[in-house]
There are 2 protein chains.
Amino acid sequence: MDALALQQYLHEHIPLSRAMQVSVLAASVEEVLLAAPLAPNINHRETVFGGSASAVCILAAWSLVQVRLRASETAARLVIQRNLMEYLLPVHGDFTARARVEDEAPWRHFHKVLERRGKARIAVAATQEREGVIAGRLAGTFVAAIR
Amino acid sequence: MDALALQQYLHEHIPLSRAMQVSVLAASVEEVLLAAPLAPNINHRETVFGGSASAVCILAAWSLVQVRLRASETAARLVIQRNLMEYLLPVHGDFTARARVEDEAPWRHFHKVLERRGKARIAVAATQEREGVIAGRLAGTFVAAIR
């Protein structure tokens, strides 16, 4: 699943990604990088609305798990269980959301448990960035279940 | 600020609230109740996208603080600092998000600190509901600063 295929998937199945004008800059088993413009995501302070920031970070984290499941040819349902979002700085323009694999160990464990029990949980972090500066941090937990 | 005025404010200043088709069912110093339909907030599983659920809960919690600040004639900037969102059940249709004042004590403290120091923090919870059943829980922290 490359960047264009992921973008088409998101826009087709999650219409809010289209409303937020999310584009996929990169999608691999190492990293998913999304971008979104300010205009559709603006708030009363003329900065990025927190709900948009967390939604785009959720999409980045969810997409990284999805890309990895597809790459391992695992047909699993994938849902979010919980997330913590921290808003560190106001964001005055277009922004990105990045989810990256920092350590393979928890992913190996995730795939092993998923194979064994048909269900597994993985913690995925994402960062919201503006001009190279981290403005927000998401810590999400996702549950995959074999179909 | 009544329900209609709040809805107009949200739709005008936070365009994502319009994209999510959020309507304001109630807005008072006791409670803010928002509603949103499934269609613009659907995901790949044909349930409510987690990013929409948390964004509508953020709007409900933020609006409750905003309504209370206006009612006390306090002109303050209000921003979200962090939130935890738990997704308890998949939501297969239209849903609501409710933020309610359960205890006046932390609010009294919030207003007192805001008046004294020009800046204060308040924790606000919101619940996502579908047909009277709680499907999600948000715990948010907001910071108000006197303009």
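**A strand residue, its sheet and a two-fold pair**

With 14 C-beta neighbours inside 10 Å, Leu25(A) counts as partly exposed, because that class lies between the 12 or fewer neighbours of an exposed residue and the 20 or more of a buried one. This value, like the others here, comes from a predicted model. Leu25(A) sits in strand β1 of chain A, which covers residues 23-27. Leaving aside residues up to four places away in sequence, Leu25(A) touches Ala3(A), Leu33(A), Leu34(A), Ala35(A) and Thr96(A). A further pairing shows how the fold brings parts of the sequence together: Leu25(A) and Ala97(A) are separated by 72 residues in sequence, yet 9.9 Å lies between their C-alpha atoms.

The strands around Leu25(A) help to place these contacts. A hairpin of three residues leads from β1(A) to β2(A), and the two strands, the second made of residues 31-36, pair in the antiparallel sense over four bridges. Within this pair, Ala26(A) stands opposite Leu33(A) of β2(A). On to the next strand: β2(A) is joined by six bridges to β4(A), residues 95-100, and these two also run antiparallel. Here Leu34(A) has Ala97(A) of β4(A) opposite it. In a regular strand, side chains alternate between the two faces of the sheet.

Stepping back to the whole chain, chain A holds four helices and six strands. Read from the N terminus, their order is α-α-β-β-α-β-β-α-β-β. The radius of gyration of chain A is 15 Å, close to the 15 Å given by the globule rule for 147 residues, so chain A is as compact as a globular protein of that length. Its C-alpha trace spans about 50 × 30 × 25 Å along the principal axes. Of the 147 residues in chain A, 42% count as buried. Among contacts in chain A with a separation of 6 or more, 68% link residues 24 or more positions apart.

The second copy can now be added. Chain B superposes on chain A after a rotation of 180° with 0.0 Å of shift along the axis, at an RMSD of 0.0 Å. That is the relation of a two-fold axis. The C-alpha of chain B nearest this axis belongs to Leu84(B), 2.2 Å from it.

Where do the two chains touch? The contact involves 30 residues of chain B and 30 residues of chain A. On the side of chain B that touches chain A, α2 (15-19), α3 (50-71) and β3 (76-87) each supply at least two residues, and β3(B) gives the largest share, 10 residues. By type, the residues of this side divide into 16 nonpolar, 10 polar and four charged. All of the interface residues of chain B, 100%, are also interface residues in chain A, so the copies meet through the same surface. Strand β3(A), residues 76-87, pairs with β3(B) in the antiparallel sense over five bridges, with Asn83(A) opposite Met85(B).

Finally, the nonpolar interior deserves a look. The largest nonpolar core has 91 residues, and those with the most contacts inside it are Val56(A), Ala60(A), Val56(B) and Ala60(B). Helix α3(B) contributes the largest share of this core, 13 residues. Apart from residues up to four places away in sequence, Ala60(A) touches Val32(A), Leu34(A), Ala97(A), Arg98(A), Ala99(A) and Ala126(A). Two of these bring the story back to the sheet, where Leu34(A) and Ala97(A) stand opposite one another.

Notes:
Residues numbered from 1 in each chain as written. Chains lettered and ligands numbered in written order. Predicted model: local features only at pLDDT ≥ 70, side-chain atom pairs only at ≥ 80, totals over all residues. Least-squares fit on C-alpha atoms with pLDDT ≥ 70 in both. Contact = placed C-beta atoms within 7 Å. Rg over C-alpha atoms; globule rule 2.2 N^0.38 Å. Nonpolar A, V, L, I, M, F, W, Y, C, P; charged D, E, K, R; others polar. Pairing = 2+ DSSP bridges. Core = buried A, V, L, I, M, F, W, Y, C linked by C-beta atoms within 7 Å.
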